[in-house]
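Colleague: Could you put the structure up, so that we can go through it together? I have a handful of questions.

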Amino acid sequence: MKYALVTGGSRGIGRSICVQLSQMGIPVLINYQSNDAAAQEVLHTILSNRGSAELLKFNVGIEQEASAALDNWEHNHPDDYIAYLINNAGIRRDSLMFMMPEQDWHDVINTSLNGFYYVTRKVLPKMMMKRHGGHIINIASLSGLKGMPGQTNYSAAKAALIGATKALAQEVASRNVTVNAVAPGFIESDMTKDLPMDELKKMIPMNRFGKPEEVAALVGFLCSGAADYITGEVISINGGLYS
Ligand code: NAP
C-alpha cells in the first residue's frame with residue numbers, strides 16, 4: 001500500500017493537504033508536533049468520510065524523534081511504503097535581522113530545512129528501491145523566492161529548501177521519484193492570523209489571501225499521475241503577487 005506522509009498535517013495548509021490526498025484514495029499519515037486536539041480533528045474528519053489515516057506525532061526538527069517514529073511505522077507496515085511525502089511543517093519567528101535572537105534563527109531553519117532533511121532522508125530509500133517511485137513536495141514560500149523584510153530566517157530556510165528541491169530532483173529522477181516545491185503567497189491559516197490582512201490584501205492583484213484548500217489542490221495535482229513528468233519545479237500560488 002502506498003501512503004502519504006504530511007508533516008505539519010494537523011492545521012492550516014497541511015490539514016487541507018491531508019484531506020485532499022485522502023479524498024484521492026491515498027491513506028495519510030498525519031504528522032504534527034504538539035496539538036493533539038487539532039490532529040484528532042483531522043483524523044476524525046478523514047475517517048468519517050471513509051478515508052484512511054493515522055497520526056504520527058514527532059518533531060521534524062529532532063532527528064532521533066523523526067527516525068524513531070518512521071522506523072516504528074515501517075516495522076508495523078512491512079508491506080507498505082511512503083510514496084508521497086509532503087514536507088509542510090514550518091514556523092515563523094519574524095523580526096528585523098539586527099534584533100533577531102539566535103534561537104529564532106535556528107528554530108526556523110531547523111523546522112523547515114533540517115526537518116526536510118531528516119524526514120526525506122528516511123523516506124527516500126524505499127521510494128528509490130526497485131524504482132517503486134514517489135512524489136516529494138516541499139512547501140516553500142514566496143519569501144524564499146523574493147525575500148521578505150523581517151523574515152531573513154524564514155526566507156533563508158525557504159530559499160534553501162528550493163535549492164534542495166532542484167538538486168534532489170536531479171538525483172532521483174531516474175528512480176521514478178519527482179521532487180517539486182510549492183511556493184504560496186499569503187494563505188489564511190494560524191500562521192498568518194496576526195497579520196494585517198486588510199492592508200496586505202491591497203498588494204495582492206486578486207485582492208484576497210489564498211485558502212489552504214487551494215494550495216492542497218495544487219499538491220493533489222502534483223501527487224497525481226497527471227504530473228509525473230514535472231520535477232525540479234517551484235510552483236507559485238499567490239494570487240498574482242509575484243512571479
Ligand atoms: P500553521 O497553520 O501554523 O500550521 C503549522 C503546522 O506545522 C501545524 O500542523 C504544526 O503542528 C506543524 N509543525 C510546526 N512545527 C513542527 C515541527 N517541528 N514538527 C512537526 N510539525 C510541526 O502553518 P501553515 O500556514 O499551514 O503553513 C504550512 C506551511 O506552509 C509552512 O511550511 C509555512 O512556512 C508554509 N507557508 C505558509 C504560508 C501562509 O501564508 N500560511 C505562506 C507560504 C508558506 P502542531 O499543530 O502540533 O503545532
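Colleague: What does the side chain of Ser189 do with respect to the ligand?

Modeller: This is a predicted model, and in it an N or O atom in the side chain of Ser189 sits 2.4 Å from an oxygen atom of the ligand.

Colleague: And which backbone atoms come up against ligand oxygen atoms?

Modeller: A polar backbone atom of Ser34 is 2.6 Å from an oxygen atom of the ligand, and for Asn88 a backbone N or O atom is likewise 2.6 Å from an oxygen atom of the ligand.

Colleague: How many residues surround the ligand altogether, and which are the closest?

Modeller: The ligand is surrounded by 32 residues, of which the closest are Ser10, Ser34, Asn88, Tyr154 and Ser189.

Colleague: Let's move to the sheet. What is the strand order, and is the pairing parallel or antiparallel?

Modeller: The sheet is open and has seven strands in the order 3-2-1-4-5-6-7, and the pairing is parallel. Strand 3, residues 53–57, and strand 7, residues 234–237, are the edge strands, each of which pairs on one side only. From one strand to the next, the twist averages 25 degrees.

Colleague: Which helix packs on the sheet at strand 3?

Modeller: That is helix 3, residues 63–76, which touches strand 1 (2–6), strand 2 (28–32), strand 3 and strand 4 (81–87), and whose direction makes about 145 degrees with that of strand 3.

Colleague: How is strand 4 joined to strand 1 and to strand 5?

Modeller: Strand 1 and strand 4 pair in the parallel sense over five bridges, with Tyr3 having Ile82 as its bridge partner in strand 4. Strand 4 and strand 5 also run parallel, joined by four bridges, and there Tyr84 stands opposite His135 of strand 5.

Colleague: Is strand 4 covered or open to the outside?

Modeller: Strand 4 is mostly covered, since seven of its seven residues are buried, where buried means under 20% relative accessible area.

Colleague: What about the other edge, where strand 6 meets strand 7?

Modeller: Strand 6, residues 177–184, pairs with strand 7 in the parallel sense over four bridges, and Val182 has Ile235 of strand 7 as its bridge partner. Helix 6, residues 152–172, lies across strand 5 (134–139), strand 6 and strand 7, and runs at about 160 degrees to strand 6.

Colleague: Which residues of helix 8 are buried, and what covers them?

Modeller: Pro212, Val215, Ala216, Leu218, Val219, Gly220, Leu222 and Cys223 are the buried residues of helix 8, and what covers them includes helix 1 (12–23), strand 4, strand 5, strand 6 and strand 7. As for its dimensions, helix 8 spans residues 212–223, which is twelve residues, and reaches 16 Å from its first C-alpha to its last, close to the 16 Å expected at 1.5 Å a residue.

Colleague: Switching to single residues, where is Leu145, and what does it touch?

Modeller: Leu145 belongs to helix 5, residues 142–146, and, leaving aside neighbours within four places in sequence, Leu145 is in contact with Ile162, Ala183, Val234, Ser236 and Tyr242.

Colleague: Why does Leu145 count as partly exposed?

Modeller: Leu145 counts as partly exposed because its relative accessible area is 35%, and that class lies between under 20% for buried and over 50% for exposed.

Colleague: And Lys126, what is its setting?

Modeller: Lys126 is placed in helix 4, residues 102–128, and is partly exposed at 24% relative accessibility. Apart from neighbours within four places in sequence, Lys126 has contacts with Glu74, Asp80, Tyr81 and His132.

Colleague: One last topic, the backbone angles: which residues other than glycine have a positive phi?

Modeller: Among them are Arg50, with a positive phi of about 65 degrees, and Asn176, with phi near 75 degrees. Arg50 is in the loop between helix 2 (36–48) and strand 3, whereas Asn176 is in the loop between helix 6 and strand 6.

Colleague: Are those two buried, partly exposed or exposed?

Modeller: Arg50 counts as exposed because its relative accessibility is 82%, while Asn176, with a relative accessible area of 42%, is partly exposed.

Key: Residues are numbered from 1 along each chain as its sequence is written. This is a predicted model: local features need pLDDT of at least 70, side-chain atom pairs count only at pLDDT 80 or more; totals for chains, interfaces and linings use all residues. Side-chain values use heavy atoms; hydrogens and water are left out. Two strands pair if DSSP finds at least two bridges between them. Helices (H or I, at least four residues) and strands (E, at least two) are DSSP runs, numbered from the N terminus. Axes are lines fitted to C-alpha atoms, for helices over the stretch in contact, and angles run from 0 to 180 degrees between N-to-C directions. Contact means heavy atoms within 4.5 Å. The expected span of a helix is 1.5 Å times one less than its number of residues. Buried means under 20% relative accessible area, exposed over 50%, partly exposed in between (1.4 Å probe, protein chains only). A residue is near a molecule or strand if one of its heavy atoms lies within 4 Å of it. A polar contact is a pair of N or O atoms within 3.5 Å; within protein, one must be able to donate a hydrogen and the other to accept it, and residues adjacent in sequence count only if both atoms are side-chain atoms.
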